[in-house]
Amino acid sequence: MALFIYQYFYHHKQWYLLLVALGITLQTSAIILYGNRDVLPPLLTLRLNNFFLVACFALTSFGLISFDGKIRKKLLRLFIVSGLLFYAAILLFEDNFTIISIIRIVSCSFFYAIGAFYLFVNKKKYKFSILLSGVLLLYSLFQLFRAFKVFQLGESYVFLQNSTFNNWFLIISILVISSISIGFIMLLKEIDQKTILRKNKIIEQDKRKLEALHQTQNKLFSIIAHDLRSPFINILGLSDILMDNVKKSADPESEKCTELINTTAKNTLNLLDNLLNWAKSQTGELGFSPEKIQLSEVIQEIIGLKMANAKSKNISLKYSPSNDIELITDKNILGTILRNLIANAIKFTNYGGHIEVVTTANGQQVEISINDNGVGMTAETIRKIFDLSTNVTLPGTANENGSGLGLVLCKEFVEKLNGKLWVESEVGKGSNFKFTLPLATVDPPK
């Protein structure tokens, strides 16, 4: 009893420990009452003694089978009903001490047998539940044997009388109670160890996630520090040259510098947009506003924005819609995807090359393809381009710089629109970026 109370207040603090302690307390109280039956009122002492014994068997057994913290309501009802029935039977045969003893012994065997069964069911989870169930089962069988012996002895049997039979019963009971107490505490320790291991695994998983997030964050800051700073340095340098040329005289070089400033500013703005969208995507702040759109209009709008970049490399950028495809999706997110994929195609296409945008409606979805005859990619590069942690930032055919963020952003955005993005490429023969989108509105994944 003291052991279970100690475990409750200093270790586990679980309600079933108090049940077991209460059960042992009732058993101890019943023995004390019986030992003082000559001092206290006989009828009251007998009834309390029997009630305490039946209750202690039920409480102890239910406490043991509740080792995982679950309240088995059906079993609790069975225990209450069975306990009342056993006690009612005792009251019914109140004048027959032999029958009363047999009923008490059978009740002990009944409750402990149920406990043994439920503990054995959990043998795959906890090894000490096998030991505990074995002890309970043996004690239950021993009690049945004891009930048989009491029946044979009849009126000559007296509980706690100094006899060989009673002495063996007390010795075995002490050993069983000790074994149950130690086994149950060891079972709780085993549960604690498994809980700690499970929590350690969760902590380890969270740790890996945090490390991955930290690496991504560091990579993002590296991109900001390097790729965002360099364009502004170029803008400042080109502005100085332009101001010097303008001060001297009008010169074709001024037009060239102005064009470079414009191109650099657009690239910087695109990078800023990507960084902003990426940050919103990672923090869950990126909204999803579906609307009915004409796909051809969105594609032509993006091509119009990128045509100047294509012309600067004498690249043919074509889009010939075969039919008018209408879909319901987020126009801004789709525009960001197309802008990055077309910009990527221009970046890795040689002077005088060509890029073609093709759309095909198929059943419940549309497939959009950005096909170029540029430098192409190896299988290893394809594996890395959609992973920010690898950050593949190859220079373009005109030594254009990049952050490697655009394609990662495209993949996340396509998935947000419940689509799929992939690439088909071969070194020296160009690349074909394809993605699919549902034609109807579909809620984005959480």
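This section describes the open sheet, a nonpolar surface patch and the salt bridges of a predicted model.

The sheet is open and consists of five strands, arranged in the order β2-β4-β5-β7-β6 with mixed pairing. The edge positions are taken by β2 (316-319) and β6 (420-426); each has a single partner strand, so one side of each is left without a neighbour in the sheet. From one strand to the next, the twist averages 15°.

Strand β5 (residues 365-372) pairs with strand β7 (residues 430-438) in the antiparallel sense, over seven bridges. In this pairing, Val-366 is placed opposite Leu-437 of β7. The pairing of β6 with β7 is antiparallel and comprises seven bridges. Here Phe-433 in β7 is the residue opposite Val-423. Three residues separate β6 from β7, and the two strands form a hairpin. Gly-428, located in the turn of this hairpin, has a positive phi of about 85°.

On the surface, Val-106, Leu-137, Leu-138, Leu-141 and Leu-144 make a nonpolar patch of about 440 Å². Helix α6 (residues 127-153) supplies the largest share of this patch, namely four residues. Val-106 is located in helix α5 (residues 97-121). The relative accessible area of Val-106 is 31%, which makes this residue partly exposed; because patch residues are those with over 30% relative accessible area and no salt bridge, this value lies within the criterion for inclusion.

Six salt bridges are counted in the model. One of them joins Arg-208 to Glu-204, with 4.0 Å between the closest N and O atoms. These two residues lie four positions apart in helix α7 (residues 164-248), so about one helical turn separates them. Arg-208 is partly exposed at 46% relative accessibility, and Glu-204 is partly exposed at 37%.

Further salt bridges involve helix α11 (residues 379-384). The side chains of Arg-383 and Glu-380 meet with an N to O distance of 2.6 Å. Arg-383 and Glu-380 are three residues apart in this helix, and therefore separated by about one helical turn. Glu-380 also forms a salt bridge with Lys-384, at 3.5 Å from N to O. Lys-384 and Glu-380 are four residues apart in α11, about one turn of the helix. Glu-380, Arg-383 and Lys-384 are thus linked in a network of salt bridges. Within this network, Arg-383 is exposed, with 55% relative accessibility, whereas Glu-380 is partly exposed at 40% and Lys-384 is partly exposed at 28%.

Terms used
Residues numbered from 1 in each chain as written. Predicted model: local features only at pLDDT ≥ 70, side-chain atom pairs only at ≥ 80, totals over all residues. Heavy atoms only, no water. Pairing = 2+ DSSP bridges. Axes fitted to C-alpha atoms, helices over the stretch in contact; angles between N-to-C directions. Patch = residues over 30% accessible without salt bridge, like charges linked within 9 Å, V, L, I, M, F, W, Y side chains within 5 Å. Areas by Shrake-Rupley, 256 points an atom, 1.4 Å probe, with all protein chains shown as cover. Buried < 20%, exposed > 50% of the residue type's maximum accessible area, 1.4 Å probe, protein only.
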